[in-house]
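Trainee: I am new to this structure and would be grateful for a close look at a single part of it. Please take one helix and its surroundings slowly, and then set them beside other parts.

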Amino acid sequence: MFQAPTRRQLKGWGDPRSWSLASQLALSFGALVTAVLALLAWMVTRSAEPTVIEKAGGTYQAVAGGVNDLLMLYLGDRVGEVQVLQQSPVIRALVDAGNASYPADPEQAAESIRELDRAWRSATPDHPLIRQVIDREINSAAAELTDFLLGFPAHSELILTDRLGATVAASGRLTDYDQSDEEWWQTAWAGGEGRVYLSQPTFDESAGVIAILLASPVLGSDGAPIGILRSTLAVDQMYALLSDAASARNYDIDLIDSNGVRLFDSALGISRVGTPPSDEFLSIIHGLDEGFGETEGVHFAPTIYGFAALHSDAVGPYDQQLVRAVDDLGWTTVVHRDRKSLFEPVAEFQGLMTWVTLVAAFAFGLAAYAISRSITSPLRRLTAAAARLTTAEASEQIDVVGNRELAELTRAFNHMSQQLHETLEQMRQQIEERRRAEETAQESAARLKGTMDTMQEGAQIIDPEWRYVYVNDAVAEQGRRPTDELLGRTMMEVYPGIEDTEMFRQLQRCLETGKSHIMENEFTFPDGSVGWFDLRIQRVPEGVFILSTEITERKQVERQMRQLNEQLERRVKERTAELEAANRELEAFAYSVSHDLRAPLRGIDGFTQALVEDHGDQLDDQARSYTRRVRAAAQRMGRLIDDLLQLSRVTRAGMSRENVDLSDLAHETVGVLRESEPDRQVEFVIDEQLRCHGDGSLMRVALDNLLENAWKFTSREPQARIQVGREHSNGQAAFYVRDNGIGFDMEYAEKLFGEFQRLHSAADFPGTGVGLAIVRRIIRRHGGEVWAEAAVGEGATFYFTLPEGGDATKEEGQMLETAR
Amino acid sequence: MKDGTILLVEDNPDDEELTLRALQKNNIANDVIVAHDGQEALDYLWGQGAYDGRDASQTPAVVLLDLKLPKVDGLEMLRQMRGDARTELLPVVILTSSKEEQDLINGYKLGANAYVRKPVDFDQFREAVLQLGLFWLVLNEPPPAA
């Protein structure tokens, strides 16, 4: 059955930090031990190395010197052997014989040798001349040479020449006859007495071996050279010496000539010369007698070497001749050993140390693991318990075990677990409550956002970098930009130059101080058109919130209204000025009337009276009647003028409102009326506390007129009764003046308050018809109304109202109306 | 009736005649000086102009003053009188057709001692003149001579 891999399986080794404490401790401890021991071993070997190299190199240098001694001994022995042979009388005789056979003329002698040599090289050995030479000169001497070779096996072949280089004896077959053109011959001959020549090892074809040619002059009885004896030394013997010396030790011996050619290599055997050492190595040993060091130049592997030049230490028994010959060879002996084998003991030590290190590391690691296990095991239980905590319904408790610290830890854990469980329960409840609250909040937020998005007012939020972070549809409409052109961009990008506007300054102020602001803003769009907006600016966490209402239309209406108002005010001013002018004229007129019109009337009346008084006896009854009528007419006109003046005065006079007691006023007037006709019996009923708010003197005039009327029209009523009071009439509280006089027909009620309107004849009831007109004007100026209710023969009631606060507008309107 | 002249300042000949008549009908026989404008009245009072040489210390008992006068009108004349030590205390009764409130106020402000409106009705006029005469010429104690 398939089972999902557990986390542990997937993890593998993973991050070392996730390993258990025990593993970490063990590993760290093991690593520490390893590092310390490894460092120790490294330091030991490192400090030993230079010493080892120096010691070994010095030794090899000394060995090389020893090897050279060996070679010198060997070569010295061979030279000595040859010198013994050349001193033999037989040899000397052979040479002398050869020398003696040449013609005296050197030129002829040389020619005879060349001829023989040519014949030797070109002709068969059966040539009679050659045969003769072999038989006579060479083979006959061969026995002597062969004997020598038998006695001294290091020598493999001998050739004896005379003073001109012609072969006089040979131990084997010769390929040529004239040796004077050979290097060994020329060198040995040129060296004179005692000169020894040694060639570099060369491959001897005739012998099939690598050989060294040793040439030594044959000295005559007078000690002068008479010929040359040449021996061929097979190098095998010499190299065997070197091989033996090398194999006894663990080093190699190489022999290198002055040209850098490796003559011998003990590691490779004697028959092969091998590759030459590197130029670098050659340059090291060049020109030096001895030395040592480390190089890769000998065999192209790290080696420790010591070397010694063959000539340099040539002392002791070797004669000068030998030393000079060896110098010419320019050999250098190199003793070396490859580094690896040399340091094998060190490497072994290192290996041992490695093992010790590993074992120690493992042991320490194991110990650390064991110790930490004892600590981590309780911890692990704690961890497991803690892991269960997250899911456990009940609080997790564990047994108190382990050492003191662990026991304390466990107790603390148990306590914490208990607390955690309780806290967790509380948190769960809180989370649940919060979740519900958030759901509710989200719903309402969604509703709010929906409302915000679609509401008529523009709503936008701008962050402190002036970026639009929220705009609703209305903003896009007001701003004449689609929302996606606004969101995420800055105000300055969308409306360049906006930073110079008052609105921007207010936004800035709001951002800085957090103070809300309400303003009406005139906004000029990039296309030049202008819109008016009512803006409410408010700081919000995201930046600044703007609620905007487009009020362009309202602004236009307002402007029109303002213009109309200004127009109206201008007109009112003009009218008022006209009115004032008219009033002034009226005043002047009234003044004239009162003064100028009355004077003639007084004249008419006065002189008519004077006429009656002074000349009455000359007048008959008729004439006296006429004079009475003249005077009556004049007096009546005087009253008319007075009334007219009063009428105009009540309209023009300034008004100052105060609290007026109508009851008091009525009492005063009644007193005057009673005095004017003391005989009349009239009952007055005046309510107390009839208070109103109005101009005192005007109210007195009005009340006087009403009471005088009542007084006048009750003159024929024996039981006259006049009332002053307040009651409800026509649905409102009104003052009244009521009498039980003759009354009037309601048909004429409207005419009653007109100027100069009279319902009764002047004969019956004197009067000018101005009194009620005055009353109406006064009441209207106060913003009130006046009306009458009456019936013929049943008296009349005059009502008037006075608003508590007065009505200035109505007053003004009334004034205008009156002025017109 | 006591001695003492009456200075009547009146430009209207009808009113002048009627006033004199009223005085006469009331048996007020005091001398009446009539000036027809304010300047003439001041000249009389201060003994200057046409009245040059008149003893200004002889002041009338009362001045009956109309307001509407040619040249110097009544209120102006009153103001000048009150501004001069010789006439500042002289009793002045304004006798005029005007019943304008402003005229009343200004008259009293400038130092008028009484204000009487001339009625149209001659009987009433005569009654008023009688009362004036009784009061100012009989009852009233004039200010001490300057």
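Which residue with a positive phi follows α1(B)?

Mentor: The residue is B:Asn27, and its phi is near 60°. Please keep in mind throughout that this is a predicted model.

B:Asn27 is not a glycine, although its phi is positive. Its place is the loop that joins α1 to β2 in chain B. The residue is exposed, because its relative accessible area of 63% lies over the 50% that marks exposure.

From this residue one may turn back to the helix itself. α1(B) consists of 13 residues, and from its first C-alpha to its last it reaches 18 Å, close to the 18 Å expected at 1.5 Å a residue. At the N-terminal end the helix is capped by B:Asn12, which places a side-chain oxygen 2.8 Å from the backbone nitrogen of B:Asp14. The helix thus has B:Asn12 as a cap at its N-terminal end and is followed by B:Asn27 with its positive phi.

The buried residues of α1(B) are B:Asp15, B:Glu16, B:Leu18, B:Thr19, B:Arg21, B:Ala22 and B:Leu23. Their packing partners come from both chains: α17 (552–615) belongs to chain A, while β1, β2, β4 (92–96) and α5 belong to chain B. A general point about helices helps in reading such a list. An α-helix has 3.6 residues a turn, so residues three or four places apart point the same way.

The packing against α17 of chain A leads to the contact between the chains. Chain B contributes 24 residues to this contact and chain A contributes 22 residues. Between them an area of about 2,100 Å² is buried, and carbon and sulfur atoms give 47% of it. On the side of chain B, the residues that lose the most area to chain A are B:Lys68, B:Glu100 and B:Val120, which together account for 30% of what that side buries.

Charged groups meet across this contact. There are nine salt bridges between chain B and chain A. One of the residues that form a salt bridge is B:Lys25, whose partner is A:Glu613; their closest N and O atoms are 3.7 Å apart. B:Lys25 falls within α1 (13–25) of chain B, and A:Glu613 falls within α17 (552–615) of chain A. The two chains also have 15 residue pairs in polar contact, counted where both residues have pLDDT 80 or more. Two elements of chain B, α1 (13–25) and α5 (122–139), give two or more residues to the side that touches chain A. Of the contributions to that side, the one from α1(B) is the most, with six residues. Sorted by class, the side of chain B that touches chain A has 15 charged, five nonpolar and four polar residues.

A second helix of chain B may now be set beside the first. In helix α2 (residues 38–46) of chain B, seven of the nine residues are buried, so the rest of the structure largely encloses it. The buried residues are B:Gly38, B:Ala41, B:Leu42, B:Asp43, B:Tyr44, B:Leu45 and B:Trp46. Their cover includes β1 (6–9), β2 (32–35) and α3 (74–82) of chain B. β1 and β2 also appear among the elements against which the buried residues of α1(B) pack.

The ends of α2(B) can be described in turn. At its N-terminal end the cap is B:Asp37, with a side-chain oxygen 2.9 Å from the backbone nitrogen of B:Gln39. Just after the helix comes B:Gly47, which takes a positive phi of about 65°.

Another positive phi in chain B occurs at B:Lys71, a residue other than glycine, with a value near 55°. B:Lys71 lies in the loop between β3 (62–65) and α3 of chain B. It is exposed, with a relative accessible area of 71%.

Chain A, finally, offers a buried charged residue to place beside these exposed ones. A:Glu157 lies in strand β1 (residues 155–161) of chain A. It is buried, because its relative accessible area of 10% is under the 20% cut-off. Its side chain makes a polar contact, at 3.2 Å, with the side chain of A:Arg230.

Definitions and conventions. Residues numbered from 1 in each chain as written. Chains lettered and ligands numbered in written order. Predicted model: local features only at pLDDT ≥ 70, side-chain atom pairs only at ≥ 80, totals over all residues. Heavy atoms only, no water. Buried < 20%, exposed > 50% of the residue type's maximum accessible area, 1.4 Å probe, protein only. Helix = DSSP H or I, 4+ residues; strand = E, 2+ residues; numbered from the N terminus. Contact = heavy atoms within 4.5 Å. Polar contact = N/O pair within 3.5 Å; in protein donor to acceptor, adjacent residues only side chain to side chain. Buried area = accessible area lost by both parts, 1.4 Å probe. Salt bridge = Lys/Arg side-chain N within 4 Å of Asp/Glu carboxyl O. Nonpolar A, V, L, I, M, F, W, Y, C, P; charged D, E, K, R; others polar. Expected span 1.5 Å × (residues − 1).
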